[in-house]
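Biologist: Hi! I'm new to this one, could you walk me through it?
Modeller: Happy to, let's bring it up.

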Amino acid sequence: MKQLMLGNAAAARGLYESGCEFISSYPGTPSTEITEEAAKFKEIYCEWAPNEKVALESAFGACLAGRRSFCGMKHVGLNVAADPLFTMSYTGVNAGLVIGVADDPGMHSSQNEQDSRHHAIASKVPMIEPSDADEAREFAKIAFEISEKFDTPVLYKMCTRIAHSQSITETAERIVPEHKAYEKTISKYVMAPANAIRRHPFVEQRMKDLEKWSETSGINRIEKASTAVKVLGTDSDKVGIITSSTSYQYVKEVLGDSVNILKLGMVNPLPADMIRKFAAGLEKLIIVEELDPIIETFVRGLGLSANVDIHGKDMFPICGEFSQNLVAAAFGHEIPQGTKLDEVQIPVRPPIMCAGCPHRGMFYALNKLKVTVFGDIGCYTLGSVAPLSAMDVTLCMGASFSGLHGWNKAGGTENEKKSVAVIGDSTFMHSGMTGLATIAYNQSNSTVIVLDNSITGMTGHQQNPTTGKNLYGDPAGRVDLEALARAMGINRVRVVDPYNIAECEAAVREELEVEEPSLIISRRPCALLKEVKPKPALKVDEAKCKSCKMCMKIGCPAIAMKNNKAKIDPTLCVGCGVCSQMCKFGAL
């Protein structure tokens with residue numbers, strides 16, 4: 001049956017059709033919906049893990065038990081999962097194991113723009129890359145076949161545009177292969193040095209075998225030019241393009257069938273013989289790929305004929321994502337002129353925390369106290385945005401507590417008395433616990449704050465180990481943050497309500513003065529949770545409003561100044577009352 005499907009939904013459908021039975025993931029845009037969509041199939045067990053490393057290790061265990069397994073994450077999550085990945089390349093698998101990773105060219109929701117193909121090359125693991133929703137479905141099934149045929153985990157690479165765009169896909173029935181019995185094989189699965197040494201040659205041979213397979217399997221294909229035109233001053237039958245993923249779609253939209261195209265579905269290992277044959281007789285060979293010149297570097301290293309003029313990053317940028325217009329301009333096509341955004345007076349609309357966000361009160365207190373704030377990854381990273389501007393550093397998930405520890409150890413009392421770290425509840429479970437452990441163990445005089453909004457907010461309200469619910473919303477084991485902190489050696493633990501600015505400010509002041517590590521839990525559920533019922537919207541008494549704009553200092557999108565008076569939008573206000581604590585005249 002043909003359906004219009006989101007790329008991530010199609011990937012989940014492919015997992016279902018392939019007989020996948022176990023999924024463990026950590027939410028990360030743009031990969032999150034793969035696991036959420038897969039959870040709709042009762043035949044697949046799905047879970048959120050505390051982090052990507054745990055998720056991949058769990059999926060590995062499930063594959064050893066003979067069930068096809070999947071693990072999903074975003075590109076920076078693969079850094080967290082790299083430890084098991086690199087050794088899993090040596091052990092191989094039992095049943096198939098597929099690792100979904102979604103890159104984010106353009107950094108729509110990410111702190112860097114890394115190219116996950118580097119991980120595939122470095123770990124010596126095959127990577128396949130769909131270019132639309134139907135391929136996302138089909139490639140999920142192919143990935144499991146590759147995994148079991150070549151005894152390897154398989155990296156399944158999505159990107160923002162494939163994950164979050166829709167196209168037609170044709171669904172098929174679910175086929176569950178016979179479960180593979182586990183056989184105890186110490187030489188294969190126990191990666192002590194003596195065994196790992198013997199497995200390394202297997203990995204090298206496997207990559208050679210995979211390259212041969214990719215040459216003839218059909219996962220890479222050549223599309224011959226069918227129309228004769230000039231492309232960059234050369235007859236189109238003498239021009240060839242090598243591309244993959246969304247770049248393939250842009251090339252097809254711009255050039256159609258006017259050039260020869262080698263469309264890659266497997267991007268590691270790359271098909272050397274196929275590329276040589278494709279390039280034979282061409283005058284121009286152009287590599288169109290987002291981010292790093294991985295295909296281009298490989299092609300240039302093949303020693304092709306000097307008669308072939310190779311182009312890549314000399315025509316296309318290394319930063320940011322591509323578009324149809326970008327590709328068209330690179331090939332000298334005239335771009336229709338529309339109105340440029342910088343020619344129109346458009347109000348500035350930076351990202352900002354939601355009205356009623358429970359983090360706002362704490363960030364206002366931190367800004368008021370002029371403390372140095374080590375931040376972390378989550379929707380609360382928006383605390384760095386004006387007017388709150390209450391964050392100095394954000395590196396990666398879990399780095400806030402560890403960074404503050406080093407800052408305080410190096411800077412001594414001068415730093416300790418005016419520096420804090422903040423982290424969300426989900427991020428704390430992901431990789432913040434070890435930072436807290438080093439503070440307790442090495443006894444830095446650090447004040448740290450867990451911003452507990454009772455959910456994983458930034459990726460769309462996924463549960464985590466502190467919420468007491470699992471992926472399906474059913475009751476689950478719940479981590480008690482207070483008890484955990486005390487068990488880790490933090491003796492000073494206190495809970496505050498971030499809607500109470502005075503309480504937040506007093507707590508931070510007091511904890512900065514003590515001579516031992518301390519933890520503040522700023523606890524209030526996300527205002528957007530369906531179980532959180534908003535209070536009546538506040539109103540402004542214009543007779544009392546003195547136009548001092550103090551209420552604007554918290555950066556709430558429900559508050560504006562109109563006709564020199566504060567104005568509250570009742571469609572946005574949730575009645576949190578934080579702004580009313582700012583007004584000295586009782587106007588709110």
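Modeller: Let's begin with Q114, which counts as buried because its relative accessibility is 18%, under the 20% cut-off. Keep in mind that this is a predicted model.

Biologist: Okay! Where is Q114 found?

Modeller: Q114 sits in the loop between strand 5 (97-103) and helix 6 (117-123).

Biologist: And which residues is Q114 in contact with, leaving aside its neighbours within four places in sequence?

Modeller: Those are H75, V76, N79, D103, H119 and L291. With N79, the side chain of Q114 makes a polar contact of 2.9 Å, side chain to side chain. The Q114 side chain also reaches H75, at the backbone oxygen, at 3.0 Å.

Biologist: Nice. Let's move to the sheets. In what order do the seven strands of the open sheet come?

Modeller: The order is 3-2-4-5-7-6-14, with mixed pairing. Strand 3 (45-48) and strand 14 (266-268) are the edge strands, and each of them pairs on one side only.

Biologist: In which sense does strand 14 pair with strand 6?

Modeller: Strand 14 and strand 6 (residues 127-128) are antiparallel, with two bridges between them. For I128, the bridge partner in strand 14 is M266.

Biologist: What does helix 1 touch on that sheet?

Modeller: Helix 1 (residues 7-17) packs on the sheet and touches strand 2 (22-25), strand 4 (69-74) and strand 7 (154-159). The direction of helix 1 makes about 155° with that of strand 7.

Biologist: Switching to the sheet of five strands: is its pairing parallel or antiparallel?

Modeller: Parallel, in an open sheet with the order 17-18-19-21-20. At the edges stand strand 17 (372-374) and strand 20 (492-496); each has a single partner strand, so one side of each has no neighbour in the sheet. On average, neighbouring strands there are turned by 25° against each other, direction ignored.

Biologist: How many bridges link strand 20 and strand 21?

Modeller: Five, and the two strands pair in the parallel sense, with strand 21 covering residues 518-523. One example is R492, whose bridge partner in strand 21 is S518.

Biologist: Which strands does helix 16 lie across?

Modeller: Helix 16 (residues 399-411) lies across strand 17, strand 18 (419-424) and strand 19 (447-452), and runs at about 170° to strand 18.

Biologist: What about helix 18, at what angle does that run to strand 18?

Modeller: At about 145°. Helix 18 (residues 425-442) lies across strand 18 and strand 19.

Biologist: Great, thanks for the tour!

Conventions. Residues are numbered from 1 along each chain as its sequence is written. This is a predicted model: local features need pLDDT of at least 70, side-chain atom pairs count only at pLDDT 80 or more; totals for chains, interfaces and linings use all residues. Side-chain values use heavy atoms; hydrogens and water are left out. Two strands pair if DSSP finds at least two bridges between them. Helices (H or I, at least four residues) and strands (E, at least two) are DSSP runs, numbered from the N terminus. Contact means heavy atoms within 4.5 Å. Axes are lines fitted to C-alpha atoms, for helices over the stretch in contact, and angles run from 0 to 180 degrees between N-to-C directions. Buried means under 20% relative accessible area, exposed over 50%, partly exposed in between (1.4 Å probe, protein chains only). A polar contact is a pair of N or O atoms within 3.5 Å; within protein, one must be able to donate a hydrogen and the other to accept it, and residues adjacent in sequence count only if both atoms are side-chain atoms.
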